[in-house]
Amino acid sequence: MLAIGNPIAVSVHTSSSCNALLRELEQIWNDIGESEVDKDCMLLELERECLEVYQRKVEEAANAKARLHQSVAAREAEVATLMAALEELSIQSPIKLQTEKTATSLKQKLASVTPLLEDLRMKKEERMKQFADIRAQIEKISGEISGYSHLSDTMMNSLTLEEQDLSLRRLTEYQTHLQTLQKEKSARLHKVLEYVNEVHLLCGVLGLDFSQIVSDVHPSLHRTGQEQSTNISDSTLEGLERAILKLKTERKVRIQKMKNIVASLFELWNLMDSSQEEKIPYSRVISILRLSEPEVTEQGVLSTEMIEQASAEVERLTKLKASRMKELVMKKRSELEEICQMTHIEPDTSTAAEKSNALIDSGLVDPSELLSNIEAQIIKAKDEAMSRKEIMDRIDRWLSACEEENWLEDYNQDDNRYNAGRGAHINLKRAERARITVTKIPAMVDNLINRTLAWEEDRKMLFMYDGVRLVSILEDYKLTRKQREEDKRRYRDQKKIQDLLLTEREAMYGSKPSPRKSNSFRKPNGYRANGNGSMTPTPRRNSVGGATPEILTPRSYSGRQNGYFKEMRRLSTAPLNFVAVPKEDTVSMYTSVCGSEPDSPPHV
């Protein structure tokens with residue numbers, strides 16, 4: 001038996017079937033009585049119809065083959081195109097593989113290429129979705145950066161042409177470009193938020209409407225809903241920069257204005273002796289003085305309301321100041337006199353209390369100008385006091401040394417200074433220190449003169465001490481001290497002569513009670529008992545020798561020149577009273593001795 005589908009078997013089967021049908025048709029024609037001519041015609045027509053059927057079937061088969069071949073070719077071309085677009089170079093065409101091995105039919109080729117084509121189509125769709133997603137993000141971010149809601153035609157054309165290239169390499173380039181845009185967007189968004197925060201801070205400090213300012217730049221900067229994204233275009237950044245610059249300029253102007261107001265407040269508070277409770281409401285604005293511009297961040301501290309409030313306080317205090325100006329002038333004058341008194345400077349007489357009162361009462365001078373003049377004199381006096389400080393310290397040390405010298409002279413005149421008693425050792429130690437200090441006085445004076453002269457040369461003015469030139473005082477002190485030293489030397493020589501005469505007199509006539517012994521039992525002048533048997537020395541104010549000059553110090557001059565220091569002690573000293581012999585006895589004794597002949601007894 002022939003296999004099904006074998007052409008020979010089909011032909012034999014068809015022939016036998018046709019023969020059977022022809023015999024049956026011939027029997028029917030015989031029964032009908034058809035002629036031979038009609039039979040031949042009908043057979044020819046039947047043969048022609050069979051040929052037409054065969055021919056139609058062949059044509060249909062040829063057309064089907066052509067279509068199948070075209071479909072295979074089209075799919076192969078599509079596979080090649082997809083492989084090229086997707087750069088699937090590792091995939092080989094199954095048709096070529098089958099052709100290389102054995103001859104294959106068109107249906108086999110079509111069946112083999114269809115799965116690969118479907119797979120490539122799916123990959124293309126997935127790749128197209130990835131490209132579309134990335135392109136959409138790129139388009140959105142580029143629009144946000146450029147400030148346009150739609151891409152330009154050039155961008156759209158470039159995206160359309162790029163559909164022919166769906167490779168992973170191209171996808172990676174798109175992803176890289178997208179990441180770059182995302183980074184730029186993030187940086188811009190961060191910068192926009194930074195600008196917005198700075199605008200918010202400045203608006204808070206200045207007391208301005210934040211929402212109105214940022215809305216004028218772009219409405220998205222103060223959005224009420226989340227559906228609108230923040231605009232990050234160049235125009236928005238430039239608008240924010242201009243707004244910040246404008247706000248900073250306004251802040252600078254207001255800070256300077258507030259500083260001027262606060263300076264006026266401080267000046268008026270100091271003049272009016274305002275209490276701390278009156279200053280508390282303005283503690284916020286006072287802090288501006290010690291802060292730089294970027295450090296001023298307190299909310300509303302530079303608002304127009306705060307500036308108006310501070311200005312109103314300045315105006316109120318100014319009006320109050322006008323009513324109390326005379327009192328303020330007297331107060332400032334007293335302050336000037338106190339500074340001059342402390343620094344031993346003569347105050348300016350043009351603003352003396354009596355003269356200032358008369359000028360204010362007469363209306364010839366504006367009290368504010370007079371007050372400003374006194375304040376300028378105070379500043380000048382303080383500056384001069386600072387420049388005189390070193391010399392004044394040396395003057396104090398010199399005066400202290402003079403005080404110690406006077407104490408030492410009083411102490412040396414005490415006949416009981418060596419008596420044992422409570423506190424005597426303290427006086428002994430002080431006397432030792434005083435002797436060391438006294439030896440340094442000449443060097444102190446010379447050094448003080450040199451420094452004073454240097455000061456005068458540097459400032460081209462005289463160094464006045466209570467109206468008297470300090471160098472003159474020091475020169476007078478040196479001259480007086482030198483004269484006193486000479487007086488001491490002459491007194492010591494005179495004492496030696498007296499002792500010699502007394503010794504000769506005692507040798508000739510016998511000894512008699514000495515006035516010193518009778519006077520030694522009296523309490524020495526200038527000392528007081530301290531309750532424990534010892535005497536504490538106090539400075540002396542008298543001098544035995546009437547001809548001995550008084551040592552003049554700045555305090556002595558100040559007591560003579562004005563009434564400020566009348567109660568201050570004058571640093572006057574007297575010659576050392578080594579023996580308490582009355583002046584009259586000494587003179588008469590010296591005359592009797594010197595006026596007698598040699599070897600003659602002195603007059604009693």
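# A guided tour of a predicted chain

Among contacts (heavy atoms within 4.5 Å) between residues at least 6 apart in sequence, 73% join residues at least 24 apart. This is a predicted model, in which local features need pLDDT of at least 70, side-chain atom pairs count only at pLDDT 80 or more, and totals for chains, interfaces and linings use all residues. Residues are numbered from 1 along each chain as its sequence is written, and side-chain values use heavy atoms, with hydrogens and water left out.

Begin by colouring the chain by pLDDT, the predictor's confidence in each residue, from 0 to 100; the average is 75, and 75% of the residues score at least 70. Select residues 514-549, where the pLDDT is below 50 and the stretch has 52 contacts in the model beyond near neighbours in sequence. Then select residues 559-604, where the pLDDT is again below 50 and the corresponding count is 73 contacts.

Switch next to a cartoon view, which should show 20 helices and 4 strands; helices (H or I, at least four residues) and strands (E, at least two) are DSSP runs, numbered from the N terminus. Of the 604 residues, 33% count as buried, where buried means under 20% relative accessible area, exposed over 50%, and partly exposed in between (1.4 Å probe, protein chains only).

For the interior, select Val-199, Met-258, Leu-265 and Leu-302, which have the most contacts inside the largest nonpolar core, a set of 59 residues. Such a core consists of buried Ala, Val, Leu, Ile, Met, Phe, Trp, Tyr and Cys residues joined through side-chain atoms within 4.5 Å. Among the elements that each supply at least two residues of this core are helix 4 (106-146), helix 6 (168-206) and helix 8 (234-272). Centre on Leu-265 and, leaving aside its neighbours within four places in sequence, you will find Tyr-282, Ala-310, Glu-313, Val-314 and Leu-317 in contact with Leu-265. Apart from the largest core lies another, of 19 residues, among them Val-445, Trp-455, Tyr-465 and Tyr-477.

Two loop residues deserve a backbone view. His-344, in the loop between helix 12 (325-343) and helix 13 (353-362), has a positive phi, near 60°, and counts as buried at 12% relative accessibility. Asp-466, in the loop between strand 1 (464-465) and strand 2 (468-469), also has a positive phi, near 55°, and is buried, with a relative accessible area of 3%. Most residues other than glycine have a negative phi.

Now display the charged side chains, among which there are 34 salt bridges, each a side-chain nitrogen of Lys or Arg within 4 Å of a carboxyl oxygen of Asp or Glu. In helix 17 (residues 470-509), Asp-487 and Arg-490 are 3 residues apart, and therefore separated by about one helical turn; their side chains meet in a salt bridge at 2.0 Å, N to O. Asp-487 counts as buried at 10% relative accessibility, whereas Arg-490 is partly exposed at 43%. Select also Glu-405, Glu-409, Arg-481, Arg-484, Glu-485 and Lys-488, which are linked in a network of salt bridges.

In helix 4, Lys-123 and Asp-119 lie 4 residues apart, about one turn of the helix, and form a salt bridge at 4.0 Å, N to O. Lys-123 is partly exposed, with a relative accessible area of 28%, and Asp-119 counts as partly exposed at 34%.
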